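Biologist: I'm new to this one, so could you walk me through it?
Modeller: Sure, have a look first.

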Amino acid sequence: MGGSSKKFKKAEKSKIKLKGAKLPKGANVTKTNFKVRKIVVPDQLKQRNLTNAAVLSNKNLTLKDCLAKLKLNNVSSKIEGLRGVREIITKMPSELHRMLSSVVKDVSSLSIDIEHDVRRDAYKTLGCILAACGQSVMVPFYEVLLSFLRCSMTHIQSRIQEDSLLLLDVLLQYLPELVVANRDKILPQFLDMISKLRTESKPGRTLTINLDKQSTSTRWRVKVLSRLTGILKILIDSKRTKNETAEPLEEAVSLAEDVDNPFASKVPDYQPDKAVQINYTFDRASTMFLPIQKRHLYTTCPMDVLFRKTTGTDKDLSLGDRVDDGRKLKMYVEMLMPVLFESWLEVRPTGTGAEPGQEHALTQEAAATLELLMAIFIQLWDLTVQYCGETNNDDMKRWFREEYGAKFCTHILGGFPYYQSGTETKSQQPKRSKTTAPILSEKTVDDHCYRHNFNICYFYCCLHEQFRGGKKKSQPYTKIVEYVKRCVMNWKFRGAEATNLLLQVLRYMLLETDCMAVNQETRTLLQTLLEVYITAKLPQEIRNRILVLFCDIIVGSDSLWRRYGQELFTLWLKMLPNLLCKPSIDMEVLKALLCLGQRGNVPFLEVLEANAKQIVANMETIRVTNEAEQGEGFVLICNLLFYVRKRELIRELIDFDALGLKDATQRERLCSTLELKLGMLQE
């Protein structure tokens, strides 16, 4: 090393060094007399339309340039391209339709990108595309979107599987028809995220562990099950909408077209959902409110109704298709119910608490899981009820009840009612007595778990057809009635959602017509609700809804009302006509009172006749809320006074009280109605 260094230094010294040398004058001047030619790169740089900024992104990129950036390997370039696509769609949606095929395919392909940020941006951009185009325009691209959804659900990387739920959210929001039409392809792979088949030949499933170690299995299942509720809701709404929008005139048109066909059926198909057109012709000799359609009294019963299983209005499905739908629905129920029960068994309270009732306390994850499970249970039941209504056959409902009624009572109703952990400390602070009864009563109406408990009450009644009947006292039903009674007596649920749930449970428990028997527990619940209605200071909206519930019990089924006991409603019925003497009344309440008058309820009519003069005096100033048309409420009050039974009272109302109305139209309407009834009584 030393020798080589000396040789290098010696060579440097031997070089010629120019010191002080200068260039001749004029040689250091820069020449500027050269010519420049333009550099043209064809097919790479094109003239941009800078005058129309709407077709460019904020970085002056066209839609084609943005799509080109999506194919690069750089993450920032892909995100910049996705952002540019969103900006152009926002500025000029019509620009999207020119390259819709390329945009959908390129953006959808990034839904399985290896980078997390790129995937999230791709879902956001895809939502903008679907919102700008609509469902009808996206029909040709259903298969593309479905293939990328299934690919992301079954991807080998767990993070891509997890983000596939976000892609499913976008499709549920903007393309529900795609999810409904391909539910048979989506649901099995969707459930593979949280479960696996026990055997390939049976639909039963068992739970699996979580996808990765960064989130617990319970949280992951909550994410998946929340999307399952969205799928089932869209499926229920689609069936409901199809039944509501069925056109009853389609069949008449088809029959008219097949007149020359000798093989055409001469008997029209039976349509139970078709509205019957009745000509309301007044006849003094006939009974009021009982119109008879005489031309149908002697019509021959169509034979195909007797031997056909389906009587729905959906013409698109044949009998075989409907049977196949029933098999698929049964397969879905058998597939889901074991997984749902196992999910609850993993998170339910262990029952090792030292304090009485502490075994019912739920953690946050357990409460979220239970809420989702109850929502899915009810949705599956609604699908079953819809199918039974379409096929006019209740075998599916009976199978559902026999298969899962006892399991539901064992697994979920065993710890009812539930409350969330952390809320019990507030209820334990006041020490009123040495007993635990006051503490437990406060826990059973916990504000944090009222949705869970109300859904449990409702679903239990759905699973047991004769829940109100039976000579033997049912312990589960007794627990449910006690909880609902506590909620009614406290009525601490002031929110709209809680009030709707409580009234829905009360309506089903008190008014369900499939169960005509009435036991002592249900009768006590009805008596408690009546006492609260009479004595408690409830908001007027809640009082109106409870009043409509009572009227439905009396009007809906005469035998059910008598089984409850007419003496329970006597005091309440005598209070109702006083509502017409107040400054305002709700339209629904007024319709309920009219139904009581039509049925000739004696206690109600006696008090109506006693207050008839005050009602007429108040007719001009009373305000009817929620009426569809101006003056509709006044007409209903006139119709209600039509059921006054005393001729002397009707004559006094016509001669004296009706003259107090200043409006001539109202006065003429009331007098004509009362004179009509007076003429009927004289005959």
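**Helices 26 and 27**

Biologist: Which residue has a side-chain oxygen reaching the backbone nitrogen of E588 at the start of helix 26?
Modeller: This is a predicted model, where local features need pLDDT of at least 70, side-chain atom pairs count only at pLDDT 80 or more, and totals for chains, interfaces and linings use all residues. Numbering runs from 1 along each chain as its sequence is written, and side-chain values use heavy atoms, leaving out hydrogens and water. At the start of helix 26, the oxygen comes to within 3.0 Å of the E588 nitrogen, and its owner is D586.

Biologist: Which residue caps the N-terminal end of helix 27?
Modeller: Look for a side-chain oxygen lying 3.3 Å from the backbone nitrogen of F604. The cap is N601.

Biologist: What positive phi does G600 take?
Modeller: G600 sits just after helix 26. Its phi is positive, at about 65 degrees.

Biologist: Which residues of helix 27 are buried?
Modeller: Buried means under 20% relative accessible area (1.4 Å probe, protein chains only). Helix 27 covers residues 602–610. Its buried residues are F604, L605, V607, L608 and E609.

Biologist: Which helices do the buried residues of helix 27 pack against?
Modeller: One of them is helix 26 (587–598), whose own buried residues include M587, V589 and L590. The full set is helix 25, helix 26, helix 28, helix 29 and helix 30.

Biologist: And what share of the protein's 683 residues count as buried?
Modeller: The protein has 31 helices and six strands. Across its 683 residues, the buried share is 43%.

Definitions and conventions:
Helices (H or I, at least four residues) and strands (E, at least two) are DSSP runs, numbered from the N terminus. Buried means under 20% relative accessible area, exposed over 50%, partly exposed in between (1.4 Å probe, protein chains only). Contact means heavy atoms within 4.5 Å. A polar contact is a pair of N or O atoms within 3.5 Å; within protein, one must be able to donate a hydrogen and the other to accept it, and residues adjacent in sequence count only if both atoms are side-chain atoms.
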